[in-house]
Amino acid sequence: MPFKRPHFNPTPLYPVAAIVLAATIFTVDTITKLEIAIPVFYTAVILIAARFCNRLGILLTGLACIGLIFVSDLLTPDSSLAGVINTAISILAIAATAALVLRVKANEQEAYEARAQLSHVARVTTLGELAASIAHEVNQPLTATVINSNASLRWLSAEPPNLAEARQAIENIRRDTERAAGVVARVRALAKRAPMPKSPLDINEVIGEILMLSASEIRQHQIALSVDLRPGLGRITGDSVQLGQVILNLIVNAIDAMETNPPGERQLTIRSGDGAGGVVVEVSDTGPGLDADAVKHLFNAFYTTKTSGLGLGLTISRTIIESHGGQISATPREPHGATFTFTLPAIRNGA
Ligand SMILES: Nc1ncnc2c1ncn2[C@@H]1O[C@H](COP(=O)(O)OP(=O)(O)OP(=O)(O)O)[C@@H](O)[C@H]1O
Ligand SMILES: [Mg+2]
């Protein structure tokens with residue numbers, strides 16, 4: 001997916017709309033009684049400003065709106081308690097909206113900078129494959145960040161703004177940004193040949209965490225999810241971020257594979273259990289499945305049938321599983337679809 005700088009809309013329509021709206025609110029606020037909380041509508045001015053202003057501009061717009069409230073209050077002398085409370089609520093709403101918009105803008109900027117840095121790394125590095133693999137790993141959380149930024153702007157633009165949903169979207173942005181930072185830290189450790197942080201893990205917990213991360217994606221694609229995790233599985237030794245990445249890669253591939261299915265026929269199944277080689281995890285879908293050619297090349301670097309794919313997800317997944325002493329394979333699923341299975345050695349009792 002081509003990366004776009006967070007853009008400011010250059011059309012003069014937004015500044016004009018913001019000024020007209022602010023002037024209208026100011027006029028109506030000045031000629032109506034203070035008991036009516038007209039100034040709350042200044043939050044809409046901030047949301048419009050978010051379309052064309054940078055962070056400083058948004059801050060100044062917020063301050064200007066608060067200033068207009070005070071000027072209007074001076075022009076309408078009324079010291080009723082309801083009026084004072086309404087003024088306070090309006091100022092709080094404006095401050096909260098401005099703070100949320102600033103937070104979203106900051107995240108967009110961070111996402112831009114991280115990607116810009118990444119593309120610089122890709123240009124200067126001689127380790128082309130390593131650069132491509134970082135791009136692949138970091139792409140998912142960054143894409144999610146952009147989606148969540150747009151979602152929070154939408155929630156904030158709703159009438160009335162849905163602050164709870166906006167807060168949730170921003171919380172998702174924080175989690176995805178931390179995830180991207182985790183991936184980068186591990187790649188850095190790899191480059192330094194530092195040992196990977198491996199610790200005893202419950203694979204069901206890793207699956208649960210990734211399912212939480214991908215829940216909205218799965219819902220958006222109208223996929224029926226079936227999860228069957230065997231309780232009390234043996235622990236494995238590994239890096240939860242890397243193993244999480246494998247599960248996420250498999251889920252994303254399954255979602256992509258079912259894109260052309262009618263919504264009622266999109267079934268994603270995730271299972272865990274015990275097997276001869278240790279702990280077994282299966283991710284299956286009801287997509288078009290795998291033909292003989294695909295089965296042969298799936299795990300090869302840069303093998304892809306997608307216009308926007310890098311063809312690295314499965315290559316990276318296999319490297320990770322093998323570095324954990326395990327194996328990964330793909331089989332067609334009956335009557336249609338694909339099943340990806342990986343096995344990881346369980347820690348023996350007393351080990
Ligand atoms: N669940 C699946 N069903 C059918 N085909 C699949 C499935 N998973 C992977 N494939 C095929 O294997 C190819 C390689 O997958 P891989 O994850 O390595 O790369 P990609 O998904 O194309 O790109 P990306 O690097 O973004 O992951 C895919 O392009 C697709 O053709
Ligand atoms: Mg993939």
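These are my notebook entries on a predicted model of one protein chain with a ligand.

**Entry: getting my bearings**

I began with the secondary structure and counted ten helices and seven strands in the protein chain. Next I checked burial: of the 351 residues, 34% count as buried. I also looked at how far apart in sequence the contacting residues are. Among contacts between residues at least 6 apart in sequence, 74% join residues at least 24 apart.

**Entry: the sheet**

Which strands make up the open sheet, and in what order? I read off five of them, running β2-β4-β5-β7-β6, with mixed pairing. The edges are β2 (224-229) and β6 (327-332), and each of these pairs on one side only. From one strand to the next, the twist averages 15°.

Then I went through some pairs. β4 (267-275) and β5 (278-285) form a hairpin with two residues between them. They run antiparallel and are joined by seven bridges, and in this pair I found Ser272 opposite Val281 of β5. Val281 turned up again on the way to the next strand, since it stands opposite Phe342 in β7. β5 and β7 are antiparallel too, over seven bridges. I finished at the edge: β6 pairs with β7 (residues 338-344) over six bridges, again in the antiparallel sense. There, Pro332 stands opposite Ala338 of β7.

Is β5 mostly covered or mostly open? I found it mostly covered, with seven of its eight residues buried.

**Entry: helix α8 and the cores**

I turned to α8 (residues 240-257), which lies across β4, β5 and β7. Its direction is at about 20° to that of β5.

What does α8 give to the largest nonpolar core? That core has 32 residues, and α8 supplies the largest share, eight residues. Other elements supplying at least two residues each include α7 (203-220), α10 and β7. Ile203, Ile247 and Ile251 have the most contacts inside the core. I followed Ile247 further: leaving aside its neighbours within four places in sequence, it is in contact with Val206, Ile207 and Ile210.

I also noted a second, separate core of 28 residues, with Ala44, Leu47, Ile69 and Leu156 among them. Ala44 and Leu47 sent me to helix α2 (residues 42-52), where nine of the eleven residues are buried. The buried ones run through Tyr42, Thr43, Ala44, Val45, Ile46, Leu47, Ile48, Ala49 and Ala50.

**Entry: helix α10**

Why do I call α10 largely enclosed by the rest of the structure? Eight of its eleven residues are buried, so that description fits. I listed some of the buried ones, including Gly313, Leu314, Arg318 and Ile321. After α10 comes Gly325, which has a positive phi near 80°.

**Entry: around ligand 1**

Last, I looked at the ligand. There are 22 residues around ligand 1, and Asn253, Thr304, Gly309, Gly313 and Leu314 come nearest. Two of these names were already in my notes, as Gly313 and Leu314 are buried residues of α10.

Which helix supplies the largest share of the shell? I found that α8 does, with four residues. Both α8 and α10 (313-323) supply at least two residues each. By type, the shell divides into ten nonpolar, ten polar and two charged residues.

Looking back, I met α8 in three places: across the strands β4, β5 and β7, in the largest nonpolar core, and around ligand 1.

Conventions: Residues are numbered from 1 along each chain as its sequence is written. Chains are lettered from A and ligands numbered from 1 in the order in which they are written. This is a predicted model: local features need pLDDT of at least 70, side-chain atom pairs count only at pLDDT 80 or more; totals for chains, interfaces and linings use all residues. Two strands pair if DSSP finds at least two bridges between them. Axes are lines fitted to C-alpha atoms, for helices over the stretch in contact, and angles run from 0 to 180 degrees between N-to-C directions. Two residues are in contact if their C-beta atoms, placed from the backbone, lie within 7 Å. A residue is near a molecule or strand if its C-beta atom, placed from the backbone, lies within 6 Å of it. Ala, Val, Leu, Ile, Met, Phe, Trp, Tyr, Cys and Pro count as nonpolar, Asp, Glu, Lys and Arg as charged, and the others, Gly among them, as polar. A residue is buried if 20 or more other C-beta atoms lie within 10 Å of its own, exposed if 12 or fewer, and partly exposed in between; C-beta atoms are placed from the backbone. A nonpolar core is a set of buried Ala, Val, Leu, Ile, Met, Phe, Trp, Tyr and Cys residues joined through C-beta atoms within 7 Å.
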